[in-house]
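Colleague: I have a model open and would like to learn how to read it. Where do we start?

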Amino acid sequence: MRRLEGRVAIVTGGGGGIGAAVARRLVAEGARVAIADLIEDSARRAAEPLGDMALAVQFDAAAPESVKALVERTVAHFGRLDILHNNAAMTDPVLQAQDTTAIDIPIEVWNTTMSINVTGYLLGCKYALPYMISAGAGSIINTASGSGVMGDLARIAYGSSKGAIIALTKYVATQYGQQGIRCNAIAPGVILTPALEATAPGLKEIIKRHVLTNRFGTPDDIAALVAFLASDESGYITGESIGINGGSLAHQPHYADLAAAMAGA
Ligand SMILES: NC(=O)c1ccc[n+]([C@@H]2O[C@H](COP(=O)([O-])OP(=O)(O)OC[C@H]3O[C@@H](n4cnc5c(N)ncnc54)[C@H](O)[C@@H]3O)[C@@H](O)[C@H]2O)c1
């Protein structure tokens, strides 16, 4: 399907597992894409196979001037901006390991997580919206997480940041809907990326018990949803947070225990 012919997109965190898959899919649907990442090499690696349809841009989501420059460079290079996929997230493994509980988390870890994951998404909207509004249309897709709607034993800053993204999404949708802007969030469950497999190898088996589909999600599953939300086919959807998690939030909390007990009976 080529639903995005002639459109221009920015994908932040585009050097990573999900962002790179989204960039590939948007290009396959006809869009030209700025692949933006903190790590210049990963952005370049993701952009290279896409030729002239992609532009690699190094930027820091937490730095306002850097986000502004990303948007301006994209418009200067491709001539317009129709789609913003805010997808970058704080990935520093040392800081991630300290993102623990309300009592134990160092406040610097909280602040850094919020500045990349939440302020970074606001900045993307702040600088992209004027271009979209003057064109009369735009679609913003923010990557939240299932962690933004449920508590967990660790990662209080990550989960809180993802909850804030869901609220930010509704505010942007509300404030600019009349000007042709749609803004939606996606809330992935466990998606098998190299980053996830490296940081939490044992988690996979535990989570598998709660996934209703007979497989885990992949970056291409996310890319398909983002492409739909970017396209006119989702023209009546805005302000939503859409779970993409193999049904892991659809069942009773005791589902996995009951299934195991029934299997043993
Ligand atoms: N993989 C999963 O299971 C899963 C589940 C739920 C939500 N998510 C979300 O999906 C998104 C993509 O995650 P992923 O799994 O592809 O991980 P990833 O680590 O591969 O991607 C994140 C990208 O963000 C970039 N980044 C980090 N700090 C940045 C900064 N300051 N400025 C610009 N870029 C920065 C990283 O370099 C990396 O390329 C994230 O928002 C993540 O929270 C992932």
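Modeller: We will go through the ligand site, then the charged pairs, then two single residues. Keep in mind that this is a predicted model.

Colleague: Ligand first. How many residues surround the ligand, and which are the closest?

Modeller: A shell residue has a heavy atom within 4 Å of the ligand. Here 27 residues surround the ligand. The closest are Ile 18, Asp 37, Asn 87, Tyr 158 and Ile 191.

Colleague: What is the make-up of that shell?

Modeller: The shell divides into 14 nonpolar, 10 polar and 3 charged residues.

Colleague: Which polar atoms of the protein should I look at beside the ligand?

Modeller: Look for N or O pairs within 3.5 Å. A backbone N or O atom of Ile 18 is 2.8 Å from a ligand oxygen atom. The side chain of Asp 60 places an N or O atom 2.9 Å from a nitrogen atom of the ligand. Ala 89 uses a backbone N or O atom, 3.5 Å from a ligand nitrogen atom.

Colleague: How much of the ligand does the protein bury?

Modeller: Taken alone, the ligand exposes 830 Å². The protein buries 90% of that.

Colleague: Which elements give two or more residues to the shell?

Modeller: Helix 1 (17-28), helix 5 (107-135) and helix 6 (156-176) do.

Colleague: Now the charges. What is the general idea?

Modeller: Side chains of opposite charge can pair when their charged atoms come close. For a salt bridge, the cut-off is 4 Å from a side-chain nitrogen of Lys or Arg to a carboxyl oxygen of Asp or Glu.

Colleague: How many salt bridges does the whole structure have?

Modeller: A search finds 12. One of them joins the side chains of Arg 3 and Glu 233, at 2.6 Å from N to O. Arg 3 sits in the segment before strand 1, and Glu 233 in the loop between helix 9 (219-230) and strand 7 (241-244), so this pair ties together parts 230 residues apart in sequence.

Colleague: Are these two partners buried or exposed?

Modeller: Use the relative accessible area: under 20% is buried, over 50% is exposed. Arg 3 is buried at 18%. Glu 233 is exposed at 51%. Both belong to a network of salt bridges that links Arg 3, Arg 25, Glu 29 and Glu 233.

Colleague: What does a pair within one helix look like?

Modeller: Take Arg 44 and Glu 40, whose side chains meet in a salt bridge at 3.1 Å, N to O. They are 4 residues apart in helix 2 (residues 40-47), so about one helical turn separates them. Arg 44 is partly exposed at 39%. Glu 40 is also partly exposed, at 41%.

Colleague: And Arg 80?

Modeller: Its side chain meets that of Asp 82 in a salt bridge of 2.6 Å, N to O. Arg 80 is partly exposed at 38%, whereas Asp 82 is buried at 8%.

Colleague: Which buried charge has no salt bridge?

Modeller: Lys 162 is such a case. This residue lies in helix 6. The nearest side chain of opposite charge, Asp 99, is 11 Å away. Look instead at the backbone oxygen of Thr 143, which lies 3.0 Å from a polar atom of the Lys 162 side chain.

Colleague: One last residue. Where is Gly 6?

Modeller: Gly 6 lies in the segment before strand 1 (8-12). At 40% relative accessibility, Gly 6 counts as partly exposed. Its C-alpha atom is 18 Å from that of Gly 180, a residue 174 positions away along the chain.

Key. Residues are numbered from 1 along each chain as its sequence is written. This is a predicted model: local features need pLDDT of at least 70, side-chain atom pairs count only at pLDDT 80 or more; totals for chains, interfaces and linings use all residues. Side-chain values use heavy atoms; hydrogens and water are left out. A polar contact is a pair of N or O atoms within 3.5 Å; within protein, one must be able to donate a hydrogen and the other to accept it, and residues adjacent in sequence count only if both atoms are side-chain atoms. Accessible areas come from the Shrake-Rupley method with a 1.4 Å probe; for residues, only the protein chains shown count as cover. Ala, Val, Leu, Ile, Met, Phe, Trp, Tyr, Cys and Pro count as nonpolar, Asp, Glu, Lys and Arg as charged, and the others, Gly among them, as polar. Buried means under 20% relative accessible area, exposed over 50%, partly exposed in between (1.4 Å probe, protein chains only). Lys and Arg count as positive and Asp and Glu as negative; His and the chain ends are not counted.
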